[in-house]
Structure formats: C-alpha cells, structure tokens
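Open the model in your viewer and keep the selection panel at hand. The stops below each give something to select and then say what is there.

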Amino acid sequence: MQQKMDSSSLKRMKDGESIIDPKSTVGGGVADVYGEDRATEDQLVTPWTVSVASGYTLLRDPHHNKGLAFTERERDSHYLRGLLPTAVSTQELQVKKLMQSIRSYDIPLQKYVAMMDLQERNERLFYKLLIDNVEELLPIVYTPTVGEACQKYGSIFKRPQGLYISLKEKGKILEVLKNWPERSIQVIVATDGERILGLGDLGCQGMGIPVGKLALYTALGGVRPSACLPITIDVGTNNQKLLDDEFYIGLRQKRATGKEYYDLLEEFMSAVKQNYGEKVLVQFEDFANHNAFELLAKYRTTHLVFNDDIQGTASVVLAGLVASLKLLGGSLADHTFLFFGAGEAGTGIAELIALEISTKTNIPVEEARKKIWLVDSKGLIVSSRKESLQHFKKPWAHEHEPLSTLLDAVKAIKPSVLIGTSGVGQTFTKDVVEAMAAINERPLIMALSNPTSQAECTAEQAYTWTEGRAIYSSGSPFDPCEYNGKSFIPGQANNAYIFPGLGFGLVISGAIRVHDEMLLAASEALASQVMQEHYDKGMIYPPLANIRKISAHIAANVAAKAYELGLATRLPRPTDLVKYAESCMYTPNYRSYR
Ligand code: NAI
C-alpha cells in the first residue's frame with residue numbers, strides 16, 4: 001500500500017520550494033505521497049499501514065472492495081479464492097461495463113439507484129465513474145434527478161448514508177455524532193429538509209441532498225469520502241402528504257419552530273465543534289429562508305460555516321456575470337440587474353454583486369445596491385413596501401413607484417441582466433424575454449430555479465424569443481440547441497462549480513472562518529477559467545468536464561485569501577497553491593493490497 005515520495009517532490013523540498021513542510025502536522029502531500037489521500041488530515045503519525053479486512057468481509061466493505069479487479073496475488077493473500085469468478089478486470093473495464101449498464105436504463109431515477117448501489121458496494125469505482133463521466137452523471141447524482149430521489153426517498157432508502165439527528169436526540173447529539181464510523185470529518189453538509197431544491201418541504205427525505213452534495217465534494221473537489229458527513233436535522237415536516245404517508249421515514253409531526261428549533265441547532269453546532277474541532281466545515285443546505293439567514297448570521301462568526309444557497313449561488317452567478325462582461329462589454333457597475341425572486345438565492349447573489357461593484361469601484365455597498373432591483377411575489381420591491389418586508393429584502397427597497405408584474409418591472413427598470421430565483425417555472429414569458437431583447441443587444445438571462453421543471457424559461461425559449469441574441473444559463477442543465485442554423489451551449493450556473501473547490505480551499509488552508517472575500521476569490525477563479533473557445537459557443541461557464549482543474553484553481557484562490565486574511569491555520573503556506581491543491585485531491589484509482 002505504501003509508496004515512496006517521488007524524487008521531484010524531494011528535490012523541491014530541498015530547494016526550499018516546500019510544498020509541504022516535513023515538520024508540519026499535515027500528512028501526505030504532493031503526488032499522493034502516502035497513497036492514502038490523507039494529505040489534508042491533521043496527524044502527527046503517518047499512516048503507513050491501514051488494516052484491511054479479508055475474505056468475504058472485504059468484498060462487503062465498500063471502502064476497500066475492488067470486485068473483479070482484485071489481482072491474483074490479492075485473491076491469494078486476502079482469502080478471496082472462490083468468492084469471485086476467475087476473470088480479473090481492470091478498473092477501466094469495470095467503468096466501461098457500468099456505464100453501459102447505466103446507459104441502458106431509460107429512467108433517470110433507475111440510474112440514480114444504480115449509482116447509489118455502486119457507492120454502497122465499491123466506493124472508489126463510484127467516484128471513478130463519476131469523475132470520468134461527470135457531465136453525464138452529474139444530472140443523476142445531483143439536480144434534477146436527486147430531487148425526484150428525495151421525493152421518493154422513503155421507498156429507495158436502503159442503508160444509512162448519513163446521520164439523522166431528530167428532536168428525539170435532543171441532549172444526546174454528541175453521542176449521536178460518535179456513532180458515525182469515521183472520526184476525522186472535514187466537511188459536513190446539513191439540511192433540515194424544509195426547502196429541497198424548488199420542491200418545498202420534504203422533511204427527513206431531504207437526506208438525498210447532503211449525500212449528493214458530498215459526493216460532489218469528493219468527485220469534483222477532491223475531499224476524501226471518509227472526511228465527508230451528510231446530516232439531516234429532523235424537526236418534523238409541514239408536508240401533509242408525507243405526514244399521511246405510512247412509509248414516511250421521518251419524525252411524524254409538524255415542524256418545530258422558534259426556541260425548540262434554535263436550541264436543537266445550537267446543540268448540534270456545539271457538538272460538531274466539540275467532536276471535530278474548529279476546522280470542520282458545516283455547509284447549510286436547503287434550509288428555508290426564514291431560518292437560513294438567521295443561522296448563517298448566528299454561526300458565521302463562531303464556526304466555519306457556509307450557506308450554499310445564499311453564498312455558493314452568489315459566487316457561481318457572480319462568476320458567470322464577470323465572465324460575461326467579455327461579451328457584454330463594460331464593468332459590472334455599468335449594468336443594471338433585475339431579479340425575479342427575492343429569497344436566499346436572489347438576495348444572496350444581489351449582495352455579492354453589490355460587494356464586488358463596491359470593491360472594484362470604491363463606492364459604498366449601499367450605493368452599489370442601487371444598480372440592483374428585485375421582484376418578489378408581491379411585485380417590485382420598493383421603498384413604500386419597506387415596513388412589511390422581511391429583513392433580508394429591506395436593503396433592496398429603492399425609491400420607485402410600485403409595480404406588480406415582472407413585465408412592468410423590465411420595462412421600467414430596463415435591466416441588462418435578468419436573473420430568475422423564484423422557484424417558479426415558466427415565469428420568464430415570451431413578453432418578458434422579448435422586452436429584454438428590445439432593450440439589450442445581448443440580453444443576459446439566467447433562469448436559475450431548480451429542478452428543470454421550475455426553470456423560469458428554457459434555453460430554447462430564450463434563444464428563440466431573442467432571435468439568438470440571448471446569453472443564457474440555467475440552474476439545471478439544458479441540452480445544446482440550435483437557432484437559425486447556429487448552435488448554442490447553455491451554461492449551467494450551478495453551485496457545483498463553486499462549493500467543492502471553495503470547501504477544499506478551506507480544508508487545505510485549515511481556514512477557521514468563511515469570509516465574503518473568499519467568495520469573491522472563488523468567483524474570480526471560476527471566471528478566469530472561461531476561455532475564448534467557450535465564449536465562441538455562447539458559454540459563460542467553463543465545461544464541467546474540466547471541473548477538477550477548475551476546483552483546484554478555486555481552492556487555491558480561496559486558500560490564498562484565507563492566508564491573506566490571517567484565517568488559515570495550516571502553516572507554512574505552500575508556495576504554489578494550485579499545485580498543492582491538486583496534490584491533495586482524492587483520487588479514486590484502486591490501491592494495491594499486499
Ligand atoms: P426562497 O424561498 O428563499 O425564495 C424564493 C423567492 O421567490 C421569494 O422571494 C418569493 O417571494 C419569490 N417568489 C415565489 N413565487 C413567486 C412568484 N410567483 N412571483 C414572484 N416571486 C415569487 O428560495 P431560494 O433558496 O432563493 O431558491 C429559489 C430557487 O432558486 C429554487 O428553485 C432553487 O432551486 C433555485 N436555486 C438555484 C441555485 C443554482 O445553483 N442555480 C442555487 C440556489 C437556489
């Protein structure tokens with residue numbers, strides 16, 4: 001199992017270009033030196049050996065099982081003779097076979113179940129498949145299919161994939177955390193299931209989301225699978241259909257709110273820090289906005305937390321906007337932004353755009369906000385509505401006469417950028433999109449709501465209604481389409497571009513807090529990966545096929561910011577952060593066992 005440090009790494013170390021200080025507490029390093037993907041783990045003792053079960057137990061252990069890829073020698077030394085048919089396969093052949101079988105399913109949910117089965121059977125093969133076929137499999141393990149999987153989670157749930165912490169565990173959360181088999185956790189994705197994608201309250205069945213997100217942390221960002229922990233906080237559900245369903249797997253009661261809710265969350269956050277230390281990242285995921293903003297505000301100064309719906313979305317959208325300036329011309333400050341939907345995603349993006357404009361132009365954030373307008377279910381957010389607005393909408397209540405429809409708002413505000421974050425499908429109607437096209441030579445239209453059915457308009461509609469002039473991207477993927485003989489590749493403004501690299505950057509630097517400037521750093525890194533060849537196809541995001549390289553750049557930029565802000569604890573700072581990030585990434589290739 002062990003490998004020697006390669007000579008170039010040694011030389012670099014001697015040359016003082018220390019990518020990893022031998023005396024530092026960080027194990028592993030360049031080129032996966034110890035072969036254990038433990039480069040980001042704090043440990044004073046190098047894990048030279050790992051004990052691996054033998055025989056039947058080995059075949060049932062997803063972390064070490066290789067199926068037919070066990071070599072003749074391994075079959076002898078690990079008591080596998082007779083337990084496997086004689087053929088010895090390579091991992092590549094296994095990937096080929098599984099892709100053939102996955103492609104043979106017509107229904108995406110069947111593909112999802114096949115992928116989950118594989119994850120439970122052979123973890124490395126699961127990640128190899130996902131990494132090698134990311135564009136094809138991302139829509140399966142992530143939006144949109146994961147949404148359907150959550151809706152039916154009760155019937156497809158087989159084995160525990162993460163921790164369930166319910167009101168019943170109150171007072172015992174620390175003990176519950178200790179029941180999880182892995183000790184060294186670096187990233188937790190936690191949901192309370194109240195706003196799953198655009199599908200609403202799915203209660204405890206929201207578990208599909210943290211599981212899927214963490215699979216991407218590993219596949220796209222390179223965090224070790226064993227360092228990832230999906231958690232569902234079950235405080236009940238207000239979804240009557242689930243409460244009435246005899247197969248519902250969660251707590252059968254209406255959602256706890258107020259003190260009861262916040263006390264449970266407080267206990268959870270304290271237990272996490274107590275059990276895993278200061279540097280464990282907690283990503284809040286798919287919480288309803290009435291809790292999301294408050295939890296983020298409460299814990300961002302005391303814990304390493306990050307809300308993907310608010311901050312991750314903001315960062316990925318900002319990256320698309322920065323990249324699109326090459327096509328649109330001008331700077332961000334020269335544009336006018338109109339949002340449809342003023343919740344977590346909408347106001348989160350709006351705030352980061354304002355911050356970027358303010359940083360780049362040295363104007364106060366309050367001034368920068370005036371370039372940004374939001375519409376919610378009651379119409380344009382304007383100052384006369386201020387008293388009745390939720391707190392996170394108040395900064396956007398500018399002086400203007402009230403307008404009740406999106407179309408009126410487009411005509412009055414004349415935005416160059418229209419962003420949909422309403423969770424309501426087909427709301428960018430032909431009239432709205434045509435109005436955008438009448439105002440702008442290249443209207444930028446982002447229909448971000450997930451899953452696909454909730455997209456404010458489809459890619460084809462955007463290109464058709466603007467006669468091919470729109471720059472379009474969506475939250476869930478759309479196939480390339482043609483208009484007037486020209487083909488367009490719609491971009492996917494999906495958080496999957498950002499959170500794995502951002503989280504990995506926090507892990508490799510040992511950051512202890514997430515700062516807004518790190519989100520700007522992540523956006524800039526992503527935008528810088530869009531090349532001319534991508535612009536030529538109408539893309540404002542780089543292809544997902546390159547996502548590991550992209551994540552390494554994002555991680556490096558985020559880590560650099562963490563060091564600059566004095567929030568990084570892994571010292572000394574590696575000289576070349578991109579190389580360091582790449583070297584720390586989990587690789588799913590099989591290990592050979594002695
Ligand atoms: P949210 O519930 O916090 O906000 C929804 C907003 O839309 C609220 O301001 C609400 O007033 C408004 N709204 C609802 N119905 C409306 C209507 N008929 N007309 C006008 N406004 C209406 O939800 P959140 O977290 O902001 O998510 C919204 C959508 O964005 C979801 O579909 C979600 O999947 C999607 N999203 C996409 C992401 C991506 O990566 N592309 C990331 C995060 C969210």
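Begin with the largest pocket of this predicted model. Its lining is made up of 37 residues. Select R195, A345, T421, S422 and G423, which are the lining residues nearest the centre of the pocket. The space inside amounts to about 780 Å³. To see which elements surround it, colour α15 (308-328), α16 (344-361) and β7 (372-376): these are the elements that give two or more residues to the lining. By residue class, the lining holds 10 nonpolar, 18 polar and nine charged residues.

**Annotated residues in the pocket**

Next, select R195, N450 and N494. An unreviewed UniProt entry annotates these residues as "binding site". R195, N450 and N494 are also included in the lining of the largest pocket.

Zoom in on N450. It sits in the loop that runs between β10 (444-447) and α20 (459-465). Is N450 buried or exposed? Its relative accessible area is 19%, so N450 is buried, the cut-off being under 20%. Leaving aside residues up to four places away in sequence, N450 touches T143, L197, G198, G475, S476 and N494.

Stay there and select the peptide bond that leads from N450 to P451. This bond is cis, with omega near -15°. P451 belongs to the loop between β10 and α20.

Now move to N494, which is one of the residues that N450 touches. N494 is found in the loop between β14 (491-492) and α21 (499-509). With a relative accessibility of 4%, N494 counts as buried. Beyond residues up to four places away in sequence, its contacts are Y142, T143, V316, N450 and G475. Show the side chain of N494 and the backbone of G475: a polar atom of that side chain lies 2.7 Å from the backbone oxygen of G475.

**A second cis bond**

T143 appears among the contacts of N450 and among those of N494, and it is the next residue to select. The peptide bond from T143 to P144 is cis, with omega near 10°. P144 lies in the loop that links α7 (134-141) and α8 (145-151).

**An annotated domain**

Select residues 119-300. UniProt, in an unreviewed entry, lists this span as "domain: Malic enzyme N-terminal". Helix accounts for 47% of the span and strand for 11%. Draw a line between the C-alpha atoms at the two ends, and the distance is 32 Å.

**The largest cavity**

Turn now from the pocket to the cavities. How many cavities of 30 Å³ or more does a search of the whole structure find? The search finds six. The largest cavity has a volume of about 120 Å³. To locate it, select its lining: Y112, V113, M116, D117, E120, Y153, I156, F157, K158, R159 and Q161. Two elements, α5 (108-121) and α9 (153-156), give two or more residues to this lining. The largest share, five residues, comes from α5. Sorted by class, the lining has six nonpolar residues, one polar residue and four charged residues.

**A buried glutamate**

Go to helix α3 (residues 72-77) and select E74. E74 is buried, with a relative accessible area of 1%. Its side chain reaches the backbone nitrogen of T71 at 2.9 Å. Show the residues around E74 as well: not counting those up to four places away in sequence, it touches K66, A69, L80, R591, S592 and Y593.

**Two residues with positive phi**

The last stops concern backbone angles. Select Q426, which has a positive phi of about 55° although it is not a glycine. Q426 is in the loop between β9 (417-420) and α19 (430-439). Its relative accessible area is 41%, and Q426 is partly exposed.

Finish at N484. This residue is not a glycine either, and its phi is positive at about 50°. Where does N484 lie? Look in the loop between β12 (481-483) and β13 (486-488). At 74% relative accessibility, N484 counts as exposed, because the limit for that class is over 50%.

Key. Residues are numbered from 1 along each chain as its sequence is written. This is a predicted model: local features need pLDDT of at least 70, side-chain atom pairs count only at pLDDT 80 or more; totals for chains, interfaces and linings use all residues. Side-chain values use heavy atoms; hydrogens and water are left out. UniProt positions are given in the numbering used here, feature names are shortened, and annotations may be inferred rather than shown by experiment. On a 1 Å grid over the protein atoms alone, a cavity is a set of points where a 1.4 Å probe fits but cannot get out, and a pocket is an open set with protein on both sides within 12 Å along at least five of seven lines; lining residues have an atom within 4 Å of a point. Helices (H or I, at least four residues) and strands (E, at least two) are DSSP runs, numbered from the N terminus. Buried means under 20% relative accessible area, exposed over 50%, partly exposed in between (1.4 Å probe, protein chains only). Contact means heavy atoms within 4.5 Å. A polar contact is a pair of N or O atoms within 3.5 Å; within protein, one must be able to donate a hydrogen and the other to accept it, and residues adjacent in sequence count only if both atoms are side-chain atoms. Grid points are joined across faces, edges and corners, and a volume is the space filled by probe spheres set on the points. Ala, Val, Leu, Ile, Met, Phe, Trp, Tyr, Cys and Pro count as nonpolar, Asp, Glu, Lys and Arg as charged, and the others, Gly among them, as polar.
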